[in-house]
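Here are my comments on the model you sent. They are numbered so that you can reply point by point.

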Amino acid sequence: MAATDQYEKKQQSSAELDSYVEAQENKSLLRFITCGSVDDGKSTLIGRLLYDSKLLYEDQVESLKAESKRIGTQGDEIDFALLVDGLAAEREQGITIDVAYRFFSTEHRKYIVADTPGHVQYTRNMATGASTADAAVILVDARHGLQTQTYRHSFIVSLLGIKHVIIAINKMDLVNYDESVFNEIRADYETFSDKLAFKEITYLPISALKGDNITESSTNMAWHKGAALLPLLDKIDCAEEDLSLGFRMPVQLVNRPNLDFRGFCGTISSGEVSVGDEVVVLPNISASKISNIICGRNNVSTACAGEAITLELEDEVDCSRGNMITAKNARCEISDQFQVNVIWMSESPLLPGRSYFIKTGTQTLAGVFTALKHKVNVNTLENEPASSLELNEVGIVNLGLDKPIAYEVYDKSRDLGSFVIIDRITNETIGAGMINFSLRRAGNIHWHTPDIDAAARALIKQQRPAALWFTGLSGSGKSTVANLLEKKLHARGKHTYTLDGDNVRHGLTKDLGFTDADRVENIRRVGEVSKLMIDAGLLVLSAFISPFRSERQLARELLNADQFIEIYVKASVETCEKRDPKGLYAKARRGEIKHFTGIDSGYEEPANAELILDTDKYSAEQCAEQIIVYLEQQGFLNADD
Amino acid sequence: MNISHLRRLEAESIQIFREVAAECENPVFLYSIGKDSSVMLELALKAFYPAPLPFPVLHVDTTWKFREMIEFREHVAQKYSLDMRVHINPDGIEQNIGPITHGSAVHTDVMKTQGLKQALDYYQFDAAFGGARRDEEKSRAKERVFSFRTDKHSWDPKNQRPELWSIYNTRIKKGESIRVFPLSNWTELDIWQYIKLENIELVSLYFAKKRPVVERDGMLIMVDDERFQLADGEKVQNRKVRFRTLGCYPLTAAIDSDAEDLNSVIQEMLVARTSEREGRLIDTDSSASMEKKKQEGYF
């Protein structure tokens, strides 16, 4: 869109041109969508915006006038919809089936507007337009009020994370510019939008056809005090919503033209990066430092979100497409199990249990929807039970991936919390998904209360509390590994406490013996004490033989699922007996101790331990290090956000 | 830190190039020699710097391009060590197809549309980058960045894949292909601004100089070689002209202009009142013609 009115003057000095081009260059960009029910006048509105902001060329206006007469719907007047409805089928049927992108600019901003289709069967095209928009103009026909599609589009706009919406109540000319009609629709929408996640809703009465409240305030509706549409759009504050995330760059491509160069290409999704920064590659957690940043053909010292760059690292780390390079001290989370929102876009329904391809920004994985929690009724926004998700339906689903990924929740990052669903046979894109939270970690528990609670206590300790439950035969190395681990954690400034099986029996559980009932009570007490210490924000190391699954399950159930880390310290009875640090095996062999685990009492191996440490193979030092890696990976050694 | 509008567009295009290089087996860069191609080439070179372009560059030659265009093509190929492949439809040569003898529709179909299909089939390219922009023309405004073609190279506009965020589904079946448009969200002004900002070299036809032209059907057509036959009453004039868009010389209208350098060209463009494709005879048949051509395989 080239012609710009303020530059009619034929002769301009080069300096003026330079400053003009510079001014253009410094304009901000706003991407918005127009949506709403069919016939609410979306295409007409955009045609009107282009026409009124004098952004059409003479030949475009001429051909528009000619076409308006030939196939237009406005008699001899200009049919603005013809300007944007570009596909032949659309022009014949007078409907918009696909999203059209239009470009215009004002003195303040450049705009890319996605004109999205109103028909319910083209909802997927509407979602396509909404996924990249910063703002939405939702049209409502003043004569008909809110329609199913108004609800559906509002919901999808909200779901896709658009925070700024303008409810444009259109065709006011057909209701005699009546204020009460406007107020009634506004009240209806206010009731409905209570449940949506918008940050800012502006209500605006317009007539796209007649040009009321488009570029300037309409004299036909003096009762409306707000600004017209274009000034409103110019004022929307679309500055980055959340800058709190650290540096994150998904690796899109490894550039290796020869043996001397290995660059990691990607687009920075959040934060900044500078040469010398310490970074970590996820999910494999290899650490390195930035040795060079290439932007275009230049080496630069720093780069920020939105830039497509190439990073060189100091070390030969394992890093490939699909990995994520993050700031070392603000890395993101890793998981393979999520609760997600899904917009289904295929005629064949989403079925839990079926395998699909899941494509995130830079990698394709195999995924299965493990459970369909419910679908959302777009009219009421109520959750309804469902066994499958049909075309254009929105549901809340559990997703399991074939390998863990580094991610952010969609609320925090559109880039890192989104994915599309691809049919394995047809290759079609059949759905779009947004990560709500991981099912495997504590990020899903929102602690927002200002009181001093567990999260607050943990926060000042810069850690996430948990019980590390060491189980295994006597002599397997539980206490040794726990002791080493505690030293390592302590050295990192982490707050810990160890509950040792032998030690507690000197006090806390002094009154208990070794009967089944006493064993249960023993574990219950230790579990309760762990719970208190977790509430205090500590990492609690508990080393107990705890030979029975049911006991360990009891301890697990006392705590939140993601606060209990079962660590199976594995060694053969032979090894343990050889080690026999306390001489207990010898005593048991001599019959001096009864019911000794491994000798005359069984040990039930854990079926779902978070970690298995094989002390036959690895040294205690190596085992402790494995636990550190696990804790880092799961985010226990960082403050919860 | 916030990046400007142009840097955002630049990053978006680079991301698209890298995604194709990462996921497609045999991509190709379709080079048309014009300003959009020049910007697109600059972006591609940046995407993989310091490595050379990881894919070949293809020019479908109709044998009727301006001579200055062909010289520029050879110059650019050498400057950036491109794997430049040129394809000319041999059937067209055999039948002596030309825009003057056969008219624009037949010439474009045989030399450009069929020629392109031949080259894509011959080299088995599964993805082809093109420099189309959404602000150019109505049916392009609705085309996705990744646009799918059947094994017969046709486009089904009613059934485009949803394309959310910047996640591109590149999965195709054998024989199918993808047309990829990294400049989708650029406007004509953006292109010129970027050329100025990055000092991108353009073919000389964009700048005014005295050239031999004739007036035909109200348009100025350059007489670039002896194949151009004058009609009765037509006279070659030496006028200071330049071109806003480039194609086959008998099908591309020149405009009178004094703009000899980039700044003057941008100034002229800013006050222009005629849209860009007006200079190409191909679009004017009927308003749905571009969509129709695309369904038939035109880029």
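Which residues make a nonpolar surface patch of about 220 Å²?

1. This is a predicted model, and the points below should be read as such. The patch of about 220 Å² is made by Val86(B), Ile88(B) and Ile93(B).

2. Within that patch, Ile88(B) sits in the loop between β3 (84-87) and α4 (90-94) of chain B. Ile88(B) counts as partly exposed because its relative accessibility is 32%, where partly exposed covers the range between under 20% (buried) and over 50% (exposed).

3. On the interior: the largest nonpolar core has 77 residues. Those with the most contacts inside this core are Phe17(B), Phe29(B), Val39(B), Leu53(B), Phe146(B), Trp186(B) and Trp192(B). Helix α2 (residues 35-48) of chain B contributes the most to this core, with 8 residues.

4. Phe17(B) deserves its own entry. Leaving aside neighbours within four places in sequence, its contacts include Phe29(B), Met40(B), Leu43(B), Ala44(B), Ala47(B) and Phe48(B). Phe55(B), Phe129(B) and Pro182(B) are also in contact with Phe17(B). Apart from the core of 77 residues lies another core, of 53 residues, including Leu146(A), Phe192(A), Leu196(A) and Val420(A).

5. Chain A as a whole has 17 helices and 28 strands. Of its 641 residues, 57% are buried. Among contacts in chain A between residues at least 6 apart in sequence, 72% join residues at least 24 apart.

6. Last, the surface of chain A: about 26800 Å² is exposed, and carbon and sulfur atoms supply 48% of that area.

Definitions and conventions:
Residues numbered from 1 in each chain as written. Chains lettered and ligands numbered in written order. Predicted model: local features only at pLDDT ≥ 70, side-chain atom pairs only at ≥ 80, totals over all residues. Heavy atoms only, no water. Patch = residues over 30% accessible without salt bridge, like charges linked within 9 Å, V, L, I, M, F, W, Y side chains within 5 Å. Areas by Shrake-Rupley, 256 points an atom, 1.4 Å probe, with all protein chains shown as cover. Salt bridge = Lys/Arg side-chain N within 4 Å of Asp/Glu carboxyl O. Helix = DSSP H or I, 4+ residues; strand = E, 2+ residues; numbered from the N terminus. Buried < 20%, exposed > 50% of the residue type's maximum accessible area, 1.4 Å probe, protein only. Contact = heavy atoms within 4.5 Å. Core = buried A, V, L, I, M, F, W, Y, C linked by side-chain atoms within 4.5 Å.
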